[in-house]
Amino acid sequence: FPYEGYTARLLSMESGECIQTLEGHADHIMSACFSSDGALLVTASEDRTAKLWNTESGECLQTFRGHSAWVESVSFSADGTMVVTASDDCTAKVWSTESG
C-alpha cells in the first residue's frame with residue numbers, strides 16, 4: 001500500500017503494477033488497513049477523516065468524520081462490520097461500515 005501525498009495506490013501482488021488509485025483525502029494519508037477478505041480498505045488521514053474504499057472498484061463507500069485532529073490509525077473488526085479510528089485528538093471512535 002504505497003501512497004503519494006493525498007492518494008493511496010493498490011498494487012498487484014504479482015506484477016507490482018498499480019491497479020487502483022484511491023483519491024479523495026484532502027491531506028496526507030497516515031495509515032491504512034484491509035478487511036480480512038480484502039474487499040475493503042480503510043485509510044486514515046491528516047484531514048481528520050477516515051475513508052472506506054471498495055478495493056475492486058476504487059469507490060469511496062464512506063467518509064468517517066468526527067475527529068478534531070488528524071486520524072493516525074485505523075483497523076477493522078474481525079468480522080469487517082466495524083472500523084475503529086484513533087486520532088491525535090486523544091480519542092478512538094468505532095464506526096459501522098454500513099452506516100458510518
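Reader: What makes you say that strand 5 and strand 6 pair, and in which sense?

Author: Quick caveat: this is a predicted model. Strand 5 (residues 40–45) and strand 6 (residues 49–54) are joined by five bridges. A pair needs at least two bridges, so these strands count as paired, and the sense is antiparallel. To pick out one bridge, Leu 40 has Asn 54 in strand 6 as its partner.

Reader: Which strands are called the edge strands of that sheet, and why?

Author: The sheet is an open one of four antiparallel strands, in the order 4-5-6-7. Strand 4 (29–34) and strand 7 (60–65) are its edges: each of them pairs on one side only. On average, neighbouring strands here are turned by 20 degrees against each other, direction ignored.

Reader: What about Arg 48: buried, partly exposed or exposed, and how do you know?

Author: Its relative accessible area is 44%. Buried would need under 20% and exposed over 50%, so Arg 48 falls in between and is called partly exposed. Arg 48 sits in the loop between strand 5 and strand 6 and has a positive phi of about 75 degrees, although it is not a glycine.

Reader: And Cys 90: what does Cys 90 count as, and why?

Author: Cys 90 reaches 75% relative accessibility. The cut-off for exposed is over 50%, so Cys 90 counts as exposed. Cys 90 lies in the loop between strand 9 and strand 10. Those two strands form a hairpin with four residues between them, and Cys 90 in the turn has a positive phi of about 70 degrees. The strands of this hairpin pair in the antiparallel sense over five bridges, with Val 83 standing opposite Trp 95 in strand 10.

Reader: Is Ile 29 buried or exposed, and what tells you?

Author: Ile 29 has a relative accessible area of 2%. Under 20% is what buried takes, so Ile 29 is buried. Ile 29 belongs to strand 4, and its C-alpha is 5.7 Å from that of Ala 44, a residue 15 places away in sequence.

Reader: Why are Phe 64 and Trp 95 called a tilted pair?

Author: Their ring centres are 5.3 Å apart and the planes meet at 35 degrees. Rings pair with centres within 6.5 Å, stacked means under 30 degrees and edge-to-face over 60, so this pair is tilted. One aromatic pair is the full count. Phe 64 lies in strand 7 and Trp 95 in strand 10 (residues 92–96), so the pair ties together parts 31 residues apart in sequence. Both residues are buried.

Reader: Which elements give two or more residues to the largest nonpolar core?

Author: Strand 5, strand 6 and strand 8 (71–76) do. That core has twelve residues, including Phe 64, Trp 95, Ala 44, Ala 50 and Val 83. Apart from this core lies another, of six residues, with Ile 29 and Trp 53 among them.

Reader: What makes you say that the side chains alternate along strand 9?

Author: In strand 9 (residues 82–87), Val 83, Thr 85 and Ser 87 point to one face and are buried. Met 82, Val 84 and Ala 86 point to the other face and are not buried. Strand 9 also runs antiparallel to strand 8, joined by five bridges, and Val 84 is the bridge partner of Ser 75. Five residues lie between strand 8 and strand 9 in their hairpin, where Gly 80 takes a positive phi near 80 degrees.

Technical notes. Residues are numbered from 1 along each chain as its sequence is written. Side-chain values use heavy atoms; hydrogens and water are left out. Axes are lines fitted to C-alpha atoms, for helices over the stretch in contact, and angles run from 0 to 180 degrees between N-to-C directions. Rings of Phe, Tyr and Trp (its six-membered ring) pair if their centres lie within 6.5 Å; planes under 30 degrees apart count as stacked, over 60 as edge-to-face and the rest as tilted. Buried means under 20% relative accessible area, exposed over 50%, partly exposed in between (1.4 Å probe, protein chains only). A nonpolar core is a set of buried Ala, Val, Leu, Ile, Met, Phe, Trp, Tyr and Cys residues joined through side-chain atoms within 4.5 Å.
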